[in-house]
Amino acid sequence: MSNLGAHGNQTVDIGRMLDDGVFSGFQKLVVCLAALSIVMDGFDGQLIGFAIPSLIKEWGITRNAFAPAVAAGLVGMGIGSAFAGLFADRFGRRMAIIGSVFVFGVATSLIAFSPDVTTIAILRFCAGLGIGGALPSSTTMTAEFSPARRRTLTVTATIVCVPLGGMLAGLFANAVLPHYGWRGLFLIGGLLPVAFSVLLWFVIPESPRYLARHPHRWDELRRLLQRMSRPVSADTGFADAREQAIETRAGFGALFASGQARDTMALWVAFFMNLLAVYSAFSWLPTMLAGEGLSPSVAGAGLTAYNFGGVFGALLCALFITRFGSRLPMLLCCLAATASALFLRSLDVASQTTLLVVGIGLHGLFVNAVQSTMYALCAYIYPTQVRATGTAAALAFGRLGAILSAFAGALVITQGGAAGYLAMLGGAMLMVFVALLVVRKHIPRVNAGAAEILKKEPHA
């Protein structure tokens, strides 16, 4: 784990210390804080889906008129995803997380004072910058505070907080909308992450693997390791031999280095189609159900069930990945998501309400299982120096699919109703299956050995 440097000082391999060591209480606290950031992310990101039916009714506008406002938020998410990764790799994960949570909290709260759809679109764009930035930054922080044997589960548990936040948003909307309307929904929902960002400022530390790459911050790293139950001497130096040995290029170009291009492109397609399906549900599922004549409470229950299923699906898929590796569980979930969408398409939406809500929950289970575990796949494929950039780039490309969902969802619901909408969801997940089938470097099962799990060299 350590050796003597040129001047006799001890050098610690930070990678081995973290990957093979204990999972201390302080590390678990950091992972929980990163996860709570994503809860706030999913909470604020999905408030718009619950508010749209009320806004359409109050302002007398159509679904299509609201599509640009939905798209503006998703464009912001795409830009935020791309730039947050570069920011986190250059300036640190800590400020990327804090800044992202603060930005989307302030912008969401200001939506409460919007006089028209254009203002909502502008503020949703600003909120999207923060919402998009929080995901790659928080998952990178989680990956770099977790030992290798726990990494898939902790990263997935962090990402599963997106549907968990959406589920809480549904419960929150049911309690707030009848009494305070959509303005109260956004005001209170935005102030919560603002308060949380202040807490993060005082509590969350910088990533030890990021600090190890910056010698002028080694004193800070030594103090952090002390809090992580890994004390080192004052003259200790740091290296990350396993990952530095394979890093030939920094920045965006490294995503297409020898052996990486195929997996990078396949991941981008998988993220694109998966987020097309996910955000079609987040943004339009309550609107689609309301358009089929269901009550607002049942329409909201559909999205809540979707998120509820997603929480369990992501955690179950992570456990299966630990035992079987990522390829088989992720591919089976894609096929099950497609099959469940086709099953929902066969139901009579108006008369089979209970079965419909249960089916939506199952569909959400499989879709979110894939969506959440793809971040763990990114954390495995890309090394430390470009991990945030690689995750952010895949997510940014995926946001294009989310942006497409803003217009495609409104159009398909208007033209094809529930049947067309559900067919779109099923077709998107079938394309995710094809993309993940192409990915070559899947996560191996844990009992394949820690050395294999941490191996990052591109295959020849």
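**Exercise 1. Work out what span helix α5 (residues 117-145) should have, and compare it with the distance between its end C-alpha atoms.**

Solution. Start with the length: in this predicted model, α5 holds 29 residues. Next, take 1.5 Å times one less than the number of residues, which gives an expected span of 42 Å for α5. Finally, look at the end C-alpha atoms of α5: they lie 41 Å apart, in agreement with the expected span.

**Exercise 2. Is α5 largely enclosed by the rest of the structure or not, and what polar contact is found at its start?**

Solution. Begin with burial, where the cut-off is under 20% relative accessible area. Of the 29 residues of α5, 23 are buried, so the helix is largely enclosed by the rest of the structure. Then turn to the start of α5: there a side-chain oxygen of Asp 116 comes to within 3.3 Å of the backbone nitrogen of Thr 118.

**Exercise 3. Classify the ring pair Phe 87 and Phe 91, and say whether each residue is buried, partly exposed or exposed.**

Solution. The model has ten aromatic pairs. In the pair of Phe 87 and Phe 91, the centres are 5.0 Å apart and the planes make an angle of 45 degrees. Planes under 30 degrees apart would be stacked and over 60 edge-to-face, so this pair is tilted. Now place the pair in the fold: both residues belong to helix α3 (residues 63-91), four residues apart, or about one turn of the helix. For accessibility, partly exposed lies between 20% and 50%. Phe 87, at 35%, is therefore partly exposed, and Phe 91, at 47%, is partly exposed too.

**Exercise 4. Do the same for Tyr 279 and Phe 282: which kind of pair do they form, and are they buried or exposed?**

Solution. The ring centres of Tyr 279 and Phe 282 are 5.2 Å apart, and with 80 degrees between the planes the pair is edge-to-face. Both sit in helix α11 (residues 261-291), three residues apart, which means a separation of about one helical turn. Tyr 279 and Phe 282 are both buried.

**Exercise 5. Which elements give two or more residues to the lining of the largest pocket, and which gives the largest share?**

Solution. First the pocket itself: its space is about 510 Å³. It is lined by 19 residues, and those closest to its centre are Phe 50, Pro 53, Ser 54, Ala 290 and Pro 296. Next, the elements giving two or more lining residues are α2 (25-59), α7 (161-203), α11 and α12 (296-324). The largest share is that of α2, with six residues.

Terms used:
Residues numbered from 1 in each chain as written. Predicted model: local features only at pLDDT ≥ 70, side-chain atom pairs only at ≥ 80, totals over all residues. Heavy atoms only, no water. Phe/Tyr/Trp six-rings, centres within 6.5 Å; stacked < 30°, edge-to-face > 60°. Buried < 20%, exposed > 50% of the residue type's maximum accessible area, 1.4 Å probe, protein only. Polar contact = N/O pair within 3.5 Å; in protein donor to acceptor, adjacent residues only side chain to side chain. 1 Å grid on protein atoms, 1.4 Å probe; cavity = no way out; pocket = protein on both sides within 12 Å on 5 of 7 lines; lining within 4 Å. Points joined across faces, edges and corners; volume = space filled by probe spheres on them.
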